[in-house]
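User: Hi! I would like a close look at one part of this model, chain A, and at how its helices come together and meet the partner chain. Could you walk me through it in one connected answer?

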Amino acid sequence: MARFVIRRLLQSGAVLLGVTLVVFLLLQLVPGDPVRVALGTRFDPQTYEALRARAGLDRPLVVQYFSYLGRALTGDLGVSFRSGRPVTSIVLERLPATLSLAVTAVVFAMLVAFPLGILSAMRSGSLLDHAARVFSQFGVSVPDFWMGIMGILLFAGVLGWLPPSGYVALTEDPLRWASHVVLPAATVGLVTASILTRFIRSSMLEVLSEDYVRTAEAKGLRTRVVVLRHVLRNALIPVVTVVAVQLASLLGGVIVIEVLFAWPGIGRLTYDAVQARDYPVLQGAILLVAALFLLVNLLVDMLYARLDPRITAR
Amino acid sequence: MSSTRFRLAGAALALMLGALTACTAGESVDVDGADSSGSGGILNAAIGGEPDQLDPHKTSAYYSFQVLENVYDTLVEPDANLDMQPSLATEWTTSDDQLVWTFTIREGVTFSDGSPLTSEDVVYSYNRIISEKLNAAYKFTTVKSVTAPDPTTVVITLTAPTPNLLANLGGFKGVAIVQKTNVESGAVTTKPVGSGPFAVGSYTSGDTIKLVRNDNYWSDKPKLDGVTFTFVKDPTVALQNLRGGEVHWTDNLPPQQVPALRDADGLTVRSVPSSDYWYLALNQARKPYDDVKVRRAVAFALDREAITKAAKFGLATVNQTAIPRNSAFYYDYAPFQRDPGQARQLLDQAGVSGLTMDLMVTSEYPETVTAAQVIAAQLKEVGITVKIRTLDFGQWLDEQGKGNFDSFMLGWLGNIDPDEFYYAQHHSGGTFNFHKYRNPTVDRLLDQARTETDQAARKRQYDQVAKQIVDDASYIYLYNPDVVQGWSPQVSGYEVRTDRAIRFRDVALAK
């Protein structure tokens with residue numbers, strides 16, 4: 001197990017190295033000059049050259065990349081073009097907001113999707129099943145920003161139950177954090193729940209037709225026991241993967257939702273950094289997201305072995 | 001074995017959750033009860049985006065200046081009519097040859113941390129902008145030297161008479177007086193120290209900037225205990241926040257709802273015409289736009305009322321020149337009325353037919369995207385096919401800099417003196433003359449007016465400039481937008497300003 005983890009961590013390091021290179025090169029291809037964006041329309045050649053030199057953009061690309069890499073190894077991800085602040089602290093500041101939104105959204109999605117998916121698989125063809133399928137179709141096809149705006153108009157506008165936007169840190173005031181997280185988390189969670197519901201339903205249906213399920217039923221076990229012990233456990237393997245992928249992608253920040261709800265997370269940071277061509281911040285944010293993705297995947301692989309003893313982590 | 005695995009997974013999960021609670025999003029300062037004497041409350045203001053940084057000399061973002069307006073002072077500052085009034089400087093004299101300006105600095109002024117602000121700080125601030133070639137360096141092109149013979153005197157020596165020097169030194173907070181230690185420590189980017197009515201209490205990246213009253217402020221103490229700025233990009237959400245009472249003030253209102261909001265109860269919505277202007281520019285380095293007939297044909301083909309209605313929902317004033325009606329330098333001139341016949345005739349005379357014109361607009365300013373649709377439809381009627389190119393701002397600026405466009409639409413914001421309206425844009429050597437306009441008469445007039453100290457003569461020169469620029473269709477001017485802001489009835493003492501400066505120093509908040 002320890003060897004497995006160490007090997008995976010080494011692999012992850014190589015992947016991250018690749019990520020830095022690819023991101024660095026891709027950013028060179030993006031049209032738009034960060035210095036011009038920083039100066040806006042009031043463009044003056046002298047001011048331009050001075051700012052370019054201050055940002056280190058006048059150095060050759062190879063020098064820029066390796067000096068970046070060298071500092072990155074020590075945890076220094078450079079300095080933002082725009083704000084002049086260290087990228088490491090900018091990115092880490094945004095992590096709690098995104099983490100709390102992503103985890104809440106996934107928990108919300110699981111609370112909705114598990115009962116709905118299981119019931120609709122067991123009563124396939126029933127009214128409930130149809131309703132569940134309409135729900136999940138709705139969730140995946142309606143754009144999340146539209147649902148977000150509708151949510152704001154209804155719950156913040158008409159009913160006045162929730163604040164329309166903004167963020168309070170969990171550590172600062174858990175209650176106010178909760179009231180602010182409900183709308184964005186539900187909006188994001190609804191999409192995730194729709195995807196999960198469909199997955200749980202089809203995965204359950206597949207297992208329900210297995211021979212061992214028929215055997216279990218034939219030996220007279222109660223339905224509850226069959227479902228919980230035999231069907232659900234076997235149906236969970238692919239579901240865990242989907243949950244993990246969803247969680248990992250949410251950790252990358254839900255750009256549209258974070259922008260809409262003025263949620264100070266990684267997604268909004270990424271959006272602003274792209275707009276401003278703030279390459280160091282963009283690189284830092286992508287690197288962090290990649291690292292989180294790798295971490296979640298590692299955890300999932302370890303969880304597999306727990307769920308199904310036939311799979312061993314090697 | 002399997003339980004070991006699970007413990008490991010659990011440990012990693014705990015680590016993640018730990019990060020969740022351990023990383024607090026920046027420090028937060030308890031601004032309530034900072035001072036018991038005022039009890040003026042905290043005003044919550046929602047602005048449309050986040051400042052890039054708070055160093056007034058390095059930022060170019062309007063969002064930054066919305067905050068910094070309340071934190072910094074300049075030597076002089078514009079009043080409601082944009083005339084320059086004393087601020088850190090109480091008075092000033094000019095030498096007979098107009099080359100030496102002597103400013104008297106207000107006594108007893110301190111920065112918000114209590115340290116004194118003297119003429120040395122003024123010299124430091126201006127020299128920083130000039131020597132480091134920072135954003136506002138172009139305002140100091142005629143400045144030869146800045147010296148401080150004594151703590152309350154600043155002497156500025158010029159290479160040429162500069163009648164708009166006061167506008168250059170006070171037009172916006174990009175020329176603010178900063179504190180040397182604050183700059184050199186690097187803290188200025190997130191925790192700037194100024195001498196203005198408020199001081200930055202805390203800045204949580206992505207979330208809020210909290211200002212607290214500066215009890216060392218040299219003029220009347222602000223009534224508010226503080227101002228909290230939040231960044232709300234979506235206007236619908238900002239309006240909802242205002243209605244719900246979470247926010248007391250915003251300038252990010254959905255334009256299409258403004259007419260209805262004006263009459264609505266429970267909100268105050270006010271607008272004034274701004275000194276900004278939006279225009280269409282044709283690339284005169286490319287054929288056939290080097291031909292004035294073609295440019296005039298485009299000018300005759302446009303219906304400015306329709307463009308303004310579509311782009312601004314009527315929250316703008318049509319203007320065929322740059323300077324708005326409420327300015328002393330306004331020049332009443334409107335030679336172009338929509339006339340497709342005349343436009344087609346001009347195109348014929350120029351020998352142009354079946355023209356396809358590239359029009360570059362940017363999603364950064366959605367009004368350009370909307371206006372482009374209307375412009376395209378109007379030009380279609382005179383036989384010009386418009387290909388609209390919508391770019392994000394980074395790409396847009398790149399293309400503009402390289403001259404890769406037939407035409408573009410954009411605006412200029414925050415100008416005060418006519419020199420700012422015309423020189424850099426229309427002088428053949430101007431830094432913002434991206435569309436390559438060249439007219440020796442205009443060049444001569446612009447150079448002359450720049451140093452003309454007789455105000456009446458200066459006005460006449462700029463009238464001539466304006467007429468020539470409009471006749472040549474160097475820029476095809478479209479409209480001056482309104483500044484629209486809304487606030488809750490609890491707020492009193494606030495005034496919408498034509499230069500978009502957001503000043504909260506005289507504002508009070510009812511309980």
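What share of the contacts in chain A with a separation of 6 or more comes from residues 24 or more positions apart?

Analyst: Happy to help! Please keep in mind that this is a predicted model. In chain A, 70% of the contacts with a separation of 6 or more are between residues 24 or more positions apart.

Let me begin with the overall picture of chain A. Its secondary structure consists of 13 helices and 0 strands, so read from the N terminus the elements go α-α-α-α-α-α-α-α-α-α-α-α-α. The C-alpha trace spans about 85 × 55 × 35 Å along its principal axes. Of the 314 residues in chain A, 41% are buried.

An unreviewed UniProt entry lists "transmembrane region" for residues 99–121, 142–162, 182–200, 235–261 and 281–304 of chain A. Two of these spans can be set side by side. Residues 99–121 of chain A are 100% helix and 0% strand, with end C-alpha atoms 32 Å apart. Residues 142–162 of chain A are 71% helix and 0% strand, and there the end C-alpha atoms lie 22 Å apart.

Now to the helix packing. Helix H5 of chain A (residues 87–122) packs with helix H13 of chain A (residues 279–307) at an angle of about 50°, their axes being 9 Å apart. H5(A) and H13(A) are therefore oblique to each other, and their crossing is right-handed. On the H5(A) side the contact is made by Val87(A), Thr88(A), Ile90(A) and Val91(A), while H13(A) brings Pro280(A), Val281(A), Gly284(A), Ala285(A) and Leu288(A). By class, this contact of H5(A) with H13(A) has 7 nonpolar and 2 polar residues, and no charged ones.

H5(A) also holds Met122(A). Met122(A) counts as partly exposed because 17 C-beta neighbours lie inside 10 Å. In space, the C-alpha atoms of Met122(A) and Val227(A) are 9.0 Å apart, although 105 residues separate them in sequence.

A second helix pair is H7 (residues 144–158) and H8 (residues 174–208) of chain A, which pack at an angle of about 140° with their axes 9 Å apart. That angle makes H7(A) oblique to H8(A), and H7(A) passes H8(A) in a right-handed crossing. From H7(A), the residues Asp144(A), Met147(A), Gly148(A), Gly151(A), Ile152(A) and Phe155(A) take part, and they meet Leu183(A), Ala186(A), Thr187(A), Val188(A), Leu190(A) and Val191(A) of H8(A). The residues of this contact divide into 8 nonpolar, 3 polar and 1 charged.

One loop of chain A deserves a look as well. Arg277(A) is in the loop between H12 and H13 of chain A. Its 26 C-beta neighbours inside 10 Å are why Arg277(A) counts as buried. Most residues other than glycine have a negative phi. Arg277(A), which is not a glycine, has a positive phi of about 55°.

That leaves the partner. In the contact between the chains, 62 residues of chain A meet 53 residues of chain B. On the side of chain B that touches chain A, helix H1 (2–22), strand S10 (226–231), helix H6 (235–244) and helix H12 (393–402) each supply at least two residues. H1(B) gives the most, with 11 residues. The residues of this side of chain B divide into 20 nonpolar, 22 polar and 11 charged.

H12(B) links this contact back to chain A. Phe393(B), Gly394(B), Gln395(B), Trp396(B), Leu397(B) and Gln400(B) are buried in H12(B). These buried residues pack against helix H2 (34–39) and helix H12 (266–276) of chain A, and also against strand S15 (356–362), strand S16 (385–391) and strand S17 (407–412) of chain B. Just after H12(B), Gly403(B) takes a positive phi of about 75°. For context, the unreviewed UniProt entry gives residues 84–431 of chain B the annotation "domain: Solute-binding protein family". Those residues of chain B are 30% helix and 24% strand, with end C-alpha atoms 26 Å apart.

Definitions and conventions. Residues are numbered from 1 along each chain as its sequence is written. Chains are lettered from A and ligands numbered from 1 in the order in which they are written. This is a predicted model: local features need pLDDT of at least 70, side-chain atom pairs count only at pLDDT 80 or more; totals for chains, interfaces and linings use all residues. UniProt positions are given in the numbering used here, feature names are shortened, and annotations may be inferred rather than shown by experiment. Helices (H or I, at least four residues) and strands (E, at least two) are DSSP runs, numbered from the N terminus. Axes are lines fitted to C-alpha atoms, for helices over the stretch in contact, and angles run from 0 to 180 degrees between N-to-C directions. Angles under 35 degrees count as roughly parallel, over 145 as roughly antiparallel, 65 to 115 as roughly perpendicular and the rest as oblique. A crossing is left-handed if the near helix is turned anticlockwise from the far one by less than a right angle, and right-handed if clockwise. Two residues are in contact if their C-beta atoms, placed from the backbone, lie within 7 Å. Ala, Val, Leu, Ile, Met, Phe, Trp, Tyr, Cys and Pro count as nonpolar, Asp, Glu, Lys and Arg as charged, and the others, Gly among them, as polar. A residue is buried if 20 or more other C-beta atoms lie within 10 Å of its own, exposed if 12 or fewer, and partly exposed in between; C-beta atoms are placed from the backbone.
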